[in-house]
Amino acid sequence: MERLNLSSRARLFFHLSATVHLAYAIYFDLRYAQLPQVAVTLRLEPPIGGKFKYMTFLCGLLQLGYYTLALTFDLLRLRSLRKLRDYIFATLAVPLALTVGLTFWTLFAIDRESIYPVLLDLVYPNWLNHTMHTFVVIYAFVELGITRHQYPKRSRGFTGLGAFMVGYLVWIHIVWFRTGIWVYPFLGGIAWQLRVIFFVLIMVLGFVYYLFGERVNNILWQRSTGAHRWIGNDSH
């Protein structure tokens, strides 16, 4: 029992820490990390949508929502909260964290100026950049390792993830249609055929990341053939 209590306390501490960290990052991003008006004047940023047109910010909000929900479950232990927690984690938290983190750092390594110009360092401090693009991935892996999740049927998981990704693609195209400016400037510098390939690739990778999370979860939390109990119990 003492071991179970220690495991539960570790999860509680992790979920609390992640919630506080992400909440402050979101607050700072909204309150202080603002591009000057000249960015809109020079057509470097679409004048509509605010932060909500960026996948990084939406992913940060979603991660904050997830860890807040996980923290609430730790405190209340309601079965309905667990089902919702597990669905959001499997369907959105893990795939989007990996999509945002790995896509950003890959493009950053290929051509930083196309995705995150040096001038942005004056607006977005280094800690905020790493919170939104690095820590979301780290938190997802830690969560896979310390919390048992019941993944939904794959059809339900794929439906939720697909709906989100298609919805986001529609949203950034609405922004482009209304302003003539792409949310991510590099999209305007490539042929439409390459844009289509890029969008398809990102969506395919999103589903690959879903399957990856599902596989890791199954490996880490499979039932012991001897004791027939879950490792690091996270009881219903």
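**Burial and overall fold**

I started with burial: 44% of the 236 residues in the chain are buried. I kept in mind that this is a predicted model. Then I looked up the surface. The chain exposes about 12,800 Å², and carbon and sulfur atoms supply 69% of that area.

Next I went through the secondary structure. I found eight helices and zero strands, so I noted the pattern along the sequence as α-α-α-α-α-α-α-α.

I also looked up how far apart in sequence the contacting residues are. Taking contacts between residues at least 6 apart, 80% join residues at least 24 apart.

**The loop between H3 and H4**

Where does arginine 77 sit? I found it in the loop between helix H3 (55-76) and helix H4 (79-110). Its backbone caught my eye: phi is near 60°, a positive value in a residue other than glycine. I jotted down the general background, too: most residues other than glycine have a negative phi. As for its surroundings, arginine 77 has 30% relative accessibility, so it counts as partly exposed.

**Aromatic rings**

I turned to the rings and got a count of 27 aromatic pairs. I picked tyrosine 66 and phenylalanine 89 to look at in detail. Their ring centres are 5.3 Å apart and their planes stand at 40°, so I wrote this pair down as tilted. For the cut-offs: under 30 degrees would be stacked and over 60 edge-to-face, and 40° falls in between.

What does this pair tie together? Tyrosine 66 lies in helix H3 and phenylalanine 89 in helix H4, so the pair links parts that are 23 residues apart in sequence. Are tyrosine 66 and phenylalanine 89 buried or exposed? Both of them are buried.

Then I looked at a second pair, phenylalanine 108 and tyrosine 116. This one is tilted, with 6.4 Å from centre to centre and 45° between the planes. Here I checked each partner on its own. Phenylalanine 108 has 22% relative accessibility and counts as partly exposed, whereas tyrosine 116 is buried, with a relative accessible area of 6%. The cut-off for buried is under 20%, so 22% puts phenylalanine 108 outside that class.

I also followed the ring pairs from one residue to the next. They link Phe14, Tyr66, Tyr67, Phe89, Phe135 and Tyr139 into a cluster. Tyr66 and Phe89, from my earlier note, are among them.

**A nonpolar patch**

Back on the surface, I found a nonpolar patch formed by Trp192, Val196, Val200, Val204 and Val208. Together they have about 460 Å² of accessible area. I looked closer at tryptophan 192, which lies in helix H8 (residues 192-220). Tryptophan 192 is exposed, with a relative accessible area of 54%.

**Threonine 179**

I then went to helix H7 (residues 154-179), where threonine 179 has its place. Threonine 179 is buried, at 15% relative accessible area. What does its side chain reach? It goes to the backbone oxygen of valine 175, at 2.7 Å. Setting aside neighbours within four places in sequence, I listed the contacts of threonine 179 as Arg43, Pro46, Pro47 and Ile48.

**Salt bridges**

My last search was for salt bridges. How many are there? The count comes to six, and I looked up several of them.

Lysine 53 forms one with glutamate 45, the closest N and O atoms being 3.5 Å apart. I checked burial for this pair: lysine 53 is buried, and so is glutamate 45.

Arginine 85 and aspartate 86 meet in another, at 2.9 Å from N to O. Again, both arginine 85 and aspartate 86 are buried. This pair is part of something wider, as Arg82, Arg85 and Asp86 are linked in a network of salt bridges.

Glutamate 214 and arginine 154 also meet through their side chains, with 2.5 Å from N to O. Glutamate 214 lies in helix H8 and arginine 154 in helix H7, so this bridge ties together parts that are 60 residues apart in sequence. The two partners fall into separate burial classes: glutamate 214 is buried, with a relative accessible area of 9%, whereas arginine 154 is partly exposed, with 44%.

Note on methods:
Residues are numbered from 1 along each chain as its sequence is written. This is a predicted model: local features need pLDDT of at least 70, side-chain atom pairs count only at pLDDT 80 or more; totals for chains, interfaces and linings use all residues. Side-chain values use heavy atoms; hydrogens and water are left out. Helices (H or I, at least four residues) and strands (E, at least two) are DSSP runs, numbered from the N terminus. Buried means under 20% relative accessible area, exposed over 50%, partly exposed in between (1.4 Å probe, protein chains only). Contact means heavy atoms within 4.5 Å. Accessible areas come from the Shrake-Rupley method with a 1.4 Å probe; for residues, only the protein chains shown count as cover. Rings of Phe, Tyr and Trp (its six-membered ring) pair if their centres lie within 6.5 Å; planes under 30 degrees apart count as stacked, over 60 as edge-to-face and the rest as tilted. Patches are made of residues with over 30% relative accessible area and no salt bridge: like charges are joined within 9 Å, nonpolar side chains (Val, Leu, Ile, Met, Phe, Trp, Tyr) within 5 Å. A salt bridge is a side-chain nitrogen of Lys or Arg within 4 Å of a carboxyl oxygen of Asp or Glu. A polar contact is a pair of N or O atoms within 3.5 Å; within protein, one must be able to donate a hydrogen and the other to accept it, and residues adjacent in sequence count only if both atoms are side-chain atoms.
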